[in-house]
Structures are given as structure tokens and as C-alpha cells.
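These are my notebook entries on one protein model. I record below what I looked up and what I found.

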Amino acid sequence: LPISYNQAVALDPTLIEAEVGLAAAKWAAGMRSDAEAQFQTLLKQHPRDASVYESYGTSLLNSATDDAMLRRAEVLLRKAVELDSSRAEAHYQLGLLELKKDPGSSSAEGMRQALVQLQTVVRLGLNESRVHYALARVYRRLGREEEATREMNLYQHELEAAQVK
């Protein structure tokens with residue numbers, strides 16, 4: 001039987017994955033001040049654990065309402081990659097960061113950086129539809145229509161394969 005993050009933390013308070021999951025769940029449930037406090041505590045207790053930075057950065061990025069939140073998310077996600085460059089999800093979130101910006105304010109250099117991050121995700125083995133969709137968006141913003149079309153085709157293929165399962 002699956003257990004909740006609360007139960008997992010109660011069973012083993014040293015299990016970092018449960019604590020990170022609980023903080024992320026609180027954030028997603030709108031309990032931002034509780035989640036923020038828990039993430040801050042986790043960062044102090046586990047300053048070398050990339051999963052804390054990745055989860056906190058992802059939470060901020062997914063709910064960013066302004067450039068300041070985007071910058072905070074970027075700092076956290078870059079720290080996660082610095083601590084463990086094999087974390088595909090952190091690279092993916094960094095790739096999305098530039099796409100979250102208004103197309104008029106994102107630079108060609110920012111799009112090239114997003115492309116590098118998303119290509120790293122694929123090299124690390126995260127070959128999901130959401131990655132191909134993000135790559136297609138980046139290629140399109142860079143004016144590389146052939147690559148954008150190829151990625152959209154891969155995106156469609158992955159969606160169809162997921163529906164068959």
C-alpha cells in the first residue's frame with residue numbers, strides 16, 4: 001500500500017526523499033509558507049543534497065509569477081546541477097526556464113542555453129514527450145523549423161505510445 005509523505009517522514013525522519021516530497025506536496029497544495037520553511041530547513045540540514053535544490057527550484061519555477069521567482073528558481077536549479085550533473089530533471093527545468101519568459105524578452109543566447117540543457121536531458125536518458133515538446137519550442141524560437149518538426153513528430157509518437165499502454 002502506498003503511504004503518504006507525512007507517514008513516511010513519521011516512520012523514518014532521516015529519509016530525505018520523504019521530507020523533500022512532503023515539502024513539494026505542501027507547495028503544490030498551496031501551503032507555500034509551510035513549504036518554504038521546510039525547504040529552507042532542508043537546505044540548512046542537507047546543503048550538499050541536489051534533490052532539495054531541484055525540488056525547491058522546480059516548485060518555484062512551476063508557480064513563478066515574476067522575474068524574481070524565476071531568478072530564485074534558476075539559482076536553485078543551477079546549484080542542483082552543480083552538485084549532481086546527472087540529474088536530468090534539473091537540466092529539464094533549466095531548459096524550461098527560458099521558455100517561461102515572454103518570447104519578446106527571451107534572447108537568442110537564452111534559447112541556446114535552453115537547447116544545451118534539453119539536449120543534456122536527452123543524453124541522460126530522459127526521453128519523454130514533454131522533453132521533445134520543449135525541444136520543439138526551443139528549435140522553433142531559434143528559427144530551426146526542420147529540427148522543430150522532428151521533435152514535434154517525436155512528441156506525437158511518445159504521446160501515442162503512452163496512450164497504447
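**Entry 1. Ser55**

Leaving aside neighbours within four places in sequence, with which residues is Ser55 in contact? I found Val20, Ala24 and Phe39, where contact means heavy atoms within 4.5 Å. I placed Ser55 in helix 4. I noted Ser55 as buried, because its relative accessible area is 14%; buried means under 20% relative accessible area, exposed over 50% and partly exposed in between, with a 1.4 Å probe and protein chains only.

**Entry 2. Basis of the values**

I am working from a predicted model, in which local features need pLDDT of at least 70 and side-chain atom pairs count only at pLDDT 80 or more, while totals for chains, interfaces and linings use all residues. Residues are numbered from 1 along each chain as its sequence is written, and side-chain values use heavy atoms, with hydrogens and water left out.

**Entry 3. Overall make-up**

I listed nine helices and zero strands. Helices (H or I, at least four residues) and strands (E, at least two) are DSSP runs, numbered from the N terminus. The order of elements from the N terminus is α-α-α-α-α-α-α-α-α. Of the 165 residues, 41% count as buried. Among contacts with a separation of 6 or more, 45% come from residues 24 or more positions apart.

**Entry 4. Helix 3 against helix 4**

I next looked up the partners of helix 4. The axes of helix 3 (residues 32–45) and helix 4 come within 10 Å and cross at roughly 155°. Axes are lines fitted to C-alpha atoms, for helices over the stretch in contact, and angles run from 0 to 180 degrees between N-to-C directions. Helix 3 and helix 4 are therefore roughly antiparallel; angles under 35 degrees count as roughly parallel, over 145 as roughly antiparallel, 65 to 115 as roughly perpendicular and the rest as oblique.

The crossing of helix 3 and helix 4 is left-handed, that is, the near helix is turned anticlockwise from the far one by less than a right angle, clockwise being right-handed. On the side of helix 3 I found Glu36, Phe39, Gln40, Leu42 and Leu43, which meet Val52, Tyr53, Ser55, Tyr56 and Ser59 of helix 4. I sorted this contact into six nonpolar, three polar and one charged residues. In this scheme Ala, Val, Leu, Ile, Met, Phe, Trp, Tyr, Cys and Pro count as nonpolar, Asp, Glu, Lys and Arg as charged, and the others, Gly among them, as polar.

**Entry 5. Helix 4 against helix 6**

Helix 4 (residues 50–62) also has an axis that comes within 10 Å of that of helix 6, with a crossing of roughly 25°. I therefore recorded helix 4 and helix 6 as roughly parallel to each other. Their crossing is left-handed. Helix 4 brings Glu54, Thr58, Leu61 and Asn62 to the contact, and helix 6 brings Glu89, Ala90, Gln93, Leu96, Leu97 and Lys100. By class I entered four nonpolar, three polar and three charged residues for the contact of helix 4 with helix 6.

**Entry 6. Helix 6 against helix 7**

Helix 6 and helix 7 have axes 8 Å apart and pack at an angle of about 155°. That makes helix 6 roughly antiparallel to helix 7, and their crossing is left-handed. From helix 6 I listed Ala88, His91, Tyr92, Leu94, Gly95, Glu98 and Leu99; from helix 7, Gly110, Met111, Ala114, Gln117, Leu118, Thr120 and Val121. The contact of helix 6 with helix 7 has eight nonpolar, five polar and one charged residues.

**Entry 7. Helix 7 itself**

I checked the length of helix 7 (residues 108–123). Its 16 residues should span 22 Å at 1.5 Å a residue, and the end C-alpha atoms are 22 Å apart, which agrees; the expected span is 1.5 Å times one less than the number of residues.

Which residues of helix 7 are buried? I found Gly110, Met111, Ala114, Leu115, Gln117, Leu118, Thr120 and Val121. I noted for comparison that an α-helix has 3.6 residues a turn, so residues three or four places apart point the same way. The cover over the buried residues of helix 7 includes helix 5 (67–83), helix 6 (88–100) and helix 8 (129–141).

Arg112 lies in helix 7 and is partly exposed, with a relative accessible area of 42%. The C-alpha atoms of Arg112 and Arg141 are 9.8 Å apart, with their positions 29 residues apart in sequence. Gln113 is also in helix 7, and I entered Gln113 as partly exposed because its relative accessibility is 36%. Gln113 and Gly95 are 18 residues apart along the chain, with their C-alpha atoms separated by 7.3 Å. Just after helix 7, I found Gly125 with a positive phi of about 100°.
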